[in-house]
Amino acid sequence: MNNPIHRAWLPHLDDDVPSDCASCADVAVFELTLGCKRLNASVPQLRPEPGLEEGYHIYEEGGKPVVAGGDTGILYGAYAYMEAVKAREPLPEGVRQPFYRLRMLNCWDNVDGSIERGYSGRSLWFEGGGFHWNPRRIRQLGRMLASAGVNVLCVNNVNVHAEARKLIEDEGLPELARFADVLRPFGVRLMVSVSFAQPMGHGIPTADPLDPAVQRWWAERADAIWRAVPDLAGFLVKADSEHQPGPFTYGRSHADGANMLARAIAPHGGVLVWRAFVYNCLQDWRDTVTDRPMAAYQTYAPLDGQFDDNVILQVKNGPFDFQVREPVSPTLLAMPHTHLALEVQLAQEYTGHQVDVYAMNPMWHELAEDLPPERVMAVAAVSNLGRDDNYTGHPFAAANLYGYGKYAWDPRVEPEAVLRRWARLTYALPEAQEDALVRLLMDSRDVYEQYTAPLSLCWMVNPGTHYGPSPWGYEFALWGTYNRADRDAVGIDRTASGTGYALQYPEAIRVKYEDPDTCPDKLLLFFHRLRYDYVMRDGRTLIQRIYDDHFEGVRAAEAMAEALTRLDLPEPNRSEAVRRMDMQLQNAREWRDVVNAFFHRLSGIDDAEGRKIYD
Ligand code: GCU
């Protein structure tokens, strides 16, 4: 795709950072001298304050601006200064520190250069079985990450295919070390996904975490890895999940498995990030007792307090898998004695493949209603980056990377403020147009939800690709993803009298969701099985709401398309955004017609407005 970055949120992304920068302070000096010159702003004095670490403080002294900061904070302060000047906002006041110490980006990049669930081209750093990158682009990436505030990059897919195992073996370590060197001056540390079964390729007949030979292998490997990359952040592990190996094979718990790895890397200061995405992916659809969203809690809640101090359990935001709308994962609320990380997905796997516009800050902001930000100690996001010239495919999808970084620094930040700043830094539009772009982004999630899966009608996507509608595609599949629509009703009863899922929540949340009268409409069919003639709070029947939402969602998408054409975006972003919006409209109409036809055929109930439903 030929879509160069025209402008991005950095004021001067087209200039290359010198490759001999060795520290964040070097990059900060470069950014400030160049950036401020471009912005016609006075170049602040830089003042190292090592105690501040990632924090910074911007103030005036003798009428001159000063950016003071810790080792990485100085760079964050430099970007904050330039952002404020360019966005015409007041300089941040007081000492600024990130809310989360680990602000991770999980890249599902494979060493062959492909990306699992990648929608922006091939990998920026892998090709042909190993590392292969353009240094200039990786330095640009470093700036993007640092200016957004991300500080850990996990380089490879959580599904560790055979070839990727060599990343942490002797033949792969020099390359890993070189890659770490490029990103270090941007305050970005690397992490690697490792396979639980890795010792088995080395003459050890088992991966049993309690086997001394396995423990010794990992300890020696860790010594070699940290010798090569002394500041490696740690390992990320997907175990016993979707066919990845794990401790269950040996009758061991996930605490046994995680702690074994954690102990191997603890002497080096590494953290062991263990994913909680564990469920039976070979379920029989006839089994109505097993309820997939309950799985993570069932596996992990009993282990609360059993994980070592350098283990972080990484839990997806919802109990399913990044659907457009899910309640917060109860696992995140059930483990007060475990370090937890919240995992979100920037890659738009179920949310439009970076073809449809879908800005995510409003979604993350909503999490706070049930999940106080203090309940987790770290955040991770599945990356939306790739080798496309603009890095994120859709010119607006960059807002999600930027917005994620801002959210990780301050989970209470107002979504609209973040999106406005991104829009202003990136496009510098006249005020009315800026307002229109911000509105478009702010509404984009609700609009997408309306024309695809309103009322939490999860899993109606095409199996495999996860783009476009297929209401029955997952219905008889092995993945535990059922809506059980029949001629009378749809949804799953997950209350105490149903599967019991709701019982996994603390009382106040359980009560709210268990009663259809207090359960928000948007989560209604996640928690309840309801007849099509069920009367909703607004007086409409359930079936009428399904029809109406799909018709309204398409109308809203058409209004977005019209608003887009009135924006004077620079080329090639404008043409690219318009081209993708045409695809989005097609997708929206497809969803409307397929889902409406599906429910009309099942229920035999006509649309009260007499609109066209294809049968
Ligand atoms: C989803 C996704 C997979 C991914 C998995 C995970 O199931 O479709 O591609 O591997 O999540 O998060 O591990």
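What is the volume of the largest pocket? In this predicted model, the largest pocket has a volume of about 590 Å³. A total of 23 residues line the largest pocket, and the ones closest to its centre are Y56, P92, R96, K406 and R421. Sorted by class, the lining of the largest pocket holds 13 nonpolar residues, joined by seven charged and three polar ones.

Which helices help to build this wall? At least two residues of the lining of the largest pocket come from each of α2 (73–87), α3 (135–148), α9 (398–409) and α10 (415–427). Among the contributors, α2 gives the most, with five residues. Seen by domain, the lining of the largest pocket takes at least three residues from domain 1 (4–87) and at least three from domain 2 (102–426).

A look at the second largest pocket completes the picture. The space in the second largest pocket comes to about 470 Å³. Its lining is made up of 20 residues, with E53, E54, T72, N151 and R189 the closest to the centre. Here the lining divides into eight nonpolar, seven charged and five polar residues. Where does the second largest pocket lie with respect to the domains? The second largest pocket lies between domain 1 (4–87) and domain 2 (102–426), because both domains give residues to its lining.

Note on methods: Residues numbered from 1 in each chain as written. Predicted model: local features only at pLDDT ≥ 70, side-chain atom pairs only at ≥ 80, totals over all residues. Heavy atoms only, no water. 1 Å grid on protein atoms, 1.4 Å probe; cavity = no way out; pocket = protein on both sides within 12 Å on 5 of 7 lines; lining within 4 Å. Points joined across faces, edges and corners; volume = space filled by probe spheres on them. Helix = DSSP H or I, 4+ residues; strand = E, 2+ residues; numbered from the N terminus. Nonpolar A, V, L, I, M, F, W, Y, C, P; charged D, E, K, R; others polar. Domains from an automatic or database assignment.
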